[in-house]
Amino acid sequence: MMNPRLAYAPSEMISPFTGAEIAINGVAALCDPLGGLYLPDHGILVVSDLHLEKGAAFARRGMMLPPYDTLATLNILTAVIARYDPKTVISLGDNFHDRRGSQLMPDSFRTMIGELARGRDWIWINGNHDPDGTTGLPGQSADELVHGGLVFRHEPSLVAGKGEVAGHLHPSATVGRRGKYVRRPCFATDGTRLVMPAFGVLTGGLDLKHKAMHGLFDRAALIAHLLGRDRIYSVRFDSLIG
């Protein structure tokens with residue numbers, strides 16, 4: 001499932017929107033329809049699974065994908081950063097699609113990231129696709145970060161989930177109405193932990209009812225906050241299709 005945000009024109013990404021106000025382990029947060037999570041009390045913007053340079057990584061293996069993914073993802077990131085002007089950006093791993101992505105990334109994209117990071121802290125959480133951190137980019141890399149009652153990591157933990165904000169699984173959910181079905185990336189949270197939607201435009205999605213999600217949430221409290229064109233649609237787990 002290609003990210004539906006590809007349908008946006010650049011000017012539409014800064015148009016009026018409706019997010020979802022939630023709490024994770026008691027910490028206030030806002031789910032943005034562009035796929036970012038903003039923590040207003042801390043000035044932190046969280047994104048996950050950018051998978052920058054995915055097209056280039058596939059091309060190195062002889063498989064051709066449209067070459068626009070990095071620019072499109074960075075344009076959306078630019079819009080969500082402009083929306084909140086955060087003090088800190090945390091990118092929750094799989095920032096690049098492979099270990100060589102940040103090293104081989106064109107200078108034009110490197111300059112874009114430098115401009116986005118200017119005047120703010122930037123934390124690159126290491127992911128399974130890019131476990132060695134970044135090369136020649138602003139900010140710092142870490143396997144995880146604990147801050148303000150939350151723990152930021154790439155892969156969700158079955159052992160310690162309280163206050164966890166993670167990525168990796170690319171959650172999506174399907175809703176139906178009047179015989180029509182729509183599947184969208186989503187924020188998934190039961191109020192104790194949250195799993196982020198993938199931010200990269202060429203990333204797929206894993207259904208929230210997939211076995212890989214089992215054991216992560218209290219399903220009685222689990223809500224899928226689906227990304228819409230200009231708003232978040234919040235749906236209880238037991239109302240999802242699949």
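Between which two strands does the loop that holds D32 lie? In this predicted model, D32 is placed in the loop that connects β2 (27-31) with β3 (37-39), and the legends below begin with the whole chain before turning to that residue and to other close-up views.

**View 1. The protein chain as a whole, shown in a predicted model.**
The secondary structure of the protein chain comprises four helices and 16 strands. The chain has 242 residues, of which 52% count as buried, and it exposes about 10800 Å², with carbon and sulfur atoms supplying 52% of that area. Where contacts between residues at least 6 apart in sequence are considered, 69% of them join residues at least 24 apart.

**View 2. The surroundings of D32, in the loop between β2 and β3.**
D32 is buried, because its relative accessible area is 0%, a value under the 20% that sets the limit for a buried residue. The side chain of D32 is joined to that of Y84 by a polar contact of 2.5 Å. When neighbours within four places in sequence are left aside, the residues in contact with D32 are F17, V80, R83, Y84, F187, L227 and I232.

**View 3. The open sheet of seven strands and the helix that lies across it.**
The strands of this open sheet follow the order β1-β2-β3-β4-β5-β6-β7, and their pairing is mixed. At the edges stand β1 (20-24) and β7 (140-142), each of which has a single partner strand, so that one side of each is left without a neighbour in the sheet. On average, and with direction ignored, neighbouring strands of the sheet are turned by 25° against each other. β1 runs antiparallel to β2 and is joined to it by five bridges, and the bridge partner of A20 in β2 is C31. Helix α2 lies across β2, β3, β4, β5 (88-91) and β6, and runs at about 160° to β4.

**View 4. The largest nonpolar core, with I81 among its residues.**
In soluble globular proteins, nonpolar side chains tend to be buried together. The largest nonpolar core of this model has 28 residues, and those with the most contacts inside it are L77, V80, I81, I113, W122 and F199. Two or more residues are given to this core by each of β4 (44-47), α2 (69-84), α4 and β6, and the largest share, eight residues, comes from α2. I81 is in contact with L45, P86, V89, L116, R120 and W122, once its neighbours within four places in sequence are left aside. Apart from this core lies another, of 22 residues, among them I24, L37, F152 and F187.

**View 5. Strand β12 and its pairing with β11, β15 and β13.**
Strand β11 (residues 171-177) and strand β12 (residues 180-189) run antiparallel and are joined by six bridges, with A173 standing opposite R184 in β12. Two residues lie between the strands in the hairpin of β11 and β12, where R178 takes a positive phi near 55°. β12 also pairs with strand β15 (residues 223-227), in the antiparallel sense and over four bridges, and in this pairing C186 stands opposite L226 in β15. A further antiparallel pairing, of two bridges, joins β12 to strand β13 (residues 194-195), in which L194 is the bridge partner of T189. The hairpin of β12 and β13 has four residues between the strands, and G191 takes a positive phi near 90° there.

**View 6. G119, in the loop between α4 and β6.**
G119 is placed in the loop that connects α4 (107-117) with β6 (121-125). Is this residue buried or exposed? G119 is exposed, because its relative accessible area is 83%, a value over the 50% that sets the limit for an exposed residue. Although G119 and P86 are 33 residues apart along the chain, their C-alpha atoms are separated by 9.6 Å.

**View 7. R231, in the loop between β15 and β16.**
R231 lies in the loop that connects β15 with β16 (232-236), and is partly exposed, with a relative accessible area of 36%. Not counting residues up to four places away in sequence, R231 touches T18, P33 and L226. The C-alpha atoms of R231 and C31 are separated by 9.4 Å, while the two residues are 200 residues apart along the chain.

Terms used. Residues numbered from 1 in each chain as written. Predicted model: local features only at pLDDT ≥ 70, side-chain atom pairs only at ≥ 80, totals over all residues. Heavy atoms only, no water. Buried < 20%, exposed > 50% of the residue type's maximum accessible area, 1.4 Å probe, protein only. Contact = heavy atoms within 4.5 Å. Areas by Shrake-Rupley, 256 points an atom, 1.4 Å probe, with all protein chains shown as cover. Polar contact = N/O pair within 3.5 Å; in protein donor to acceptor, adjacent residues only side chain to side chain. Pairing = 2+ DSSP bridges. Core = buried A, V, L, I, M, F, W, Y, C linked by side-chain atoms within 4.5 Å. Axes fitted to C-alpha atoms, helices over the stretch in contact; angles between N-to-C directions.
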